[in-house]
Amino acid sequence: MTEEAIRPKKISEIIARRLEAMILEGSLTPGQKMPPERELAQQFEVSRPSLREALHKLEAKGLVTRRQGGGTFVSEKIGISFADPLMQLFQTHSEFNYDLLEFRNALEEVAAHYAAIRATAADHQLIEQAYDDWCTAHQDGSDEQKEAELDWRFHLSIAEASHNAVLLHSMRALYTMAKLTISSNLQYIYSEEHRRDDVLKQHRAIKEAIIGRDPAAAQQSINNHLAFVEETLQESNRFESRSQRSLRRMNLMG
């Protein structure tokens, strides 16, 4: 056994590991301002120099940024792997929207399955709150962008409740690519008023299956919702295609 293997870890290393775990589990989110050093030192029951050394370690890894006089922030670069130039192309080529929906379906079915099994009482409260916030915006119907953001927040609360860090950060990264398509999708879906009720029922079914700890129903509810979105978009595209053909025929006749 080497001397390095038996060397006890420094306090700063232990703190750094705990902060890294908080980032991985989603307790600390990209762009979030961290509490002041004094509060963090009290929380971890360590000296401020030890805490400061731990923050330097995280900064060296690119996990946090420190602003002179402004505090310490979790790096906004965490979880943006889907935001490179290739992924940005997906946002401007609508024909790939269905690929995105398939990928979402695969991720969210698994997240819903584990959320139904693993969610704590606190997770249930967060899911209920996210659902209520979305529901208020949905029923108001005056701000599609806000509704789209709250829609995603509801889905993200399910990923958080799955207690799978890889799933959670994959979902967060996916949002950088999906946020534009979600808003445009809603415009198509809500072009017919009755679909608003359909979406409301689908979200309620997802929430109730997870709160009721029914993993099979949770997966099926997610699948039903995203299949509905896909079918509605396909129907809209077919209508648009028929309309364009009709216009071309009219122009030829004219």
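A polar contact is taken here as a pair of N or O atoms within 3.5 Å, of which, within protein, one must be able to donate a hydrogen and the other to accept it. In the predicted model examined here, such a contact is found at the N-terminal end of helix H8, where Asp143 acts as the cap. A side-chain oxygen of Asp143 lies 3.2 Å from the backbone nitrogen of Gln145, and this distance falls within the 3.5 Å limit.

Helix H8 itself comprises residues 144-161. For its 18 residues, a rise of 1.5 Å a residue gives an expected span of 26 Å, and the end C-alpha atoms are 26 Å apart, in agreement with that value. The helix is mostly covered, with 13 of the 18 residues buried. After H8 comes His163, for which phi is positive, near 55°.

Helix H8 also takes part in a salt bridge. The side chains of Glu147 and Arg196 meet with an N to O distance of 3.5 Å. Because Glu147 belongs to H8 and Arg196 to helix H10 (residues 194-211), this pair ties together parts of the chain that are 49 residues apart in sequence. Glu147 and Arg196 are both buried. Arg196 has a further partner in Tyr190: the charged end of the arginine sits over the tyrosine ring, 4.1 Å from the ring centre.

Side chains of opposite charge can pair when their charged atoms come close. In total, the structure holds twelve salt bridges. One of them joins the side chains of Lys10 and Glu53 at 2.7 Å, N to O. Lys10 is placed in the loop between helix H1 (3-6) and helix H2 (11-25), whereas Glu53 is in helix H4 (residues 48-60), so the contact connects parts separated by 43 residues in sequence. Both partners are partly exposed: the relative accessible area is 40% for Lys10 and 28% for Glu53.

Helix H4 contributes to another salt bridge, in which the side chains of Arg48 and Glu37 meet at 3.9 Å, N to O. This pair links distant parts of the chain, with Arg48 in H4 and Glu37 in helix H3 (residues 37-44), eleven residues apart. Arg48 is partly exposed, at 40% relative accessible area. Glu37, by contrast, has a relative accessibility of 16% and therefore counts as buried, the limit for that class being under 20%. Glu37 and Arg48 also belong to a network of salt bridges that includes Arg52 and Arg66.

Aromatic contacts were examined next. A pair of aromatic rings is described by the distance of the centres and the angle of the planes. A search of the whole structure finds two aromatic pairs. One of the pairs consists of Tyr131 and Trp134, with 6.0 Å between the ring centres and 45° between the planes, an arrangement classed as tilted. These two residues are three positions apart in helix H7 (residues 121-140), and are therefore separated by about one helical turn. An α-helix has 3.6 residues a turn, so residues three or four places apart point the same way. Tyr131 and Trp134 are both buried. Together with Phe154, Tyr131 and Trp134 form one aromatic cluster. Tyr131 is also approached by a charged residue, as Lys207 lies over the face of the tyrosine at 4.5 Å from the ring centre.

Definitions and conventions
Residues are numbered from 1 along each chain as its sequence is written. This is a predicted model: local features need pLDDT of at least 70, side-chain atom pairs count only at pLDDT 80 or more; totals for chains, interfaces and linings use all residues. Side-chain values use heavy atoms; hydrogens and water are left out. A salt bridge is a side-chain nitrogen of Lys or Arg within 4 Å of a carboxyl oxygen of Asp or Glu. Helices (H or I, at least four residues) and strands (E, at least two) are DSSP runs, numbered from the N terminus. Buried means under 20% relative accessible area, exposed over 50%, partly exposed in between (1.4 Å probe, protein chains only). Rings of Phe, Tyr and Trp (its six-membered ring) pair if their centres lie within 6.5 Å; planes under 30 degrees apart count as stacked, over 60 as edge-to-face and the rest as tilted. A charge sits over a ring if NZ of Lys or CZ of Arg is within 6 Å of the ring centre and within 35 degrees of the ring normal. The expected span of a helix is 1.5 Å times one less than its number of residues.
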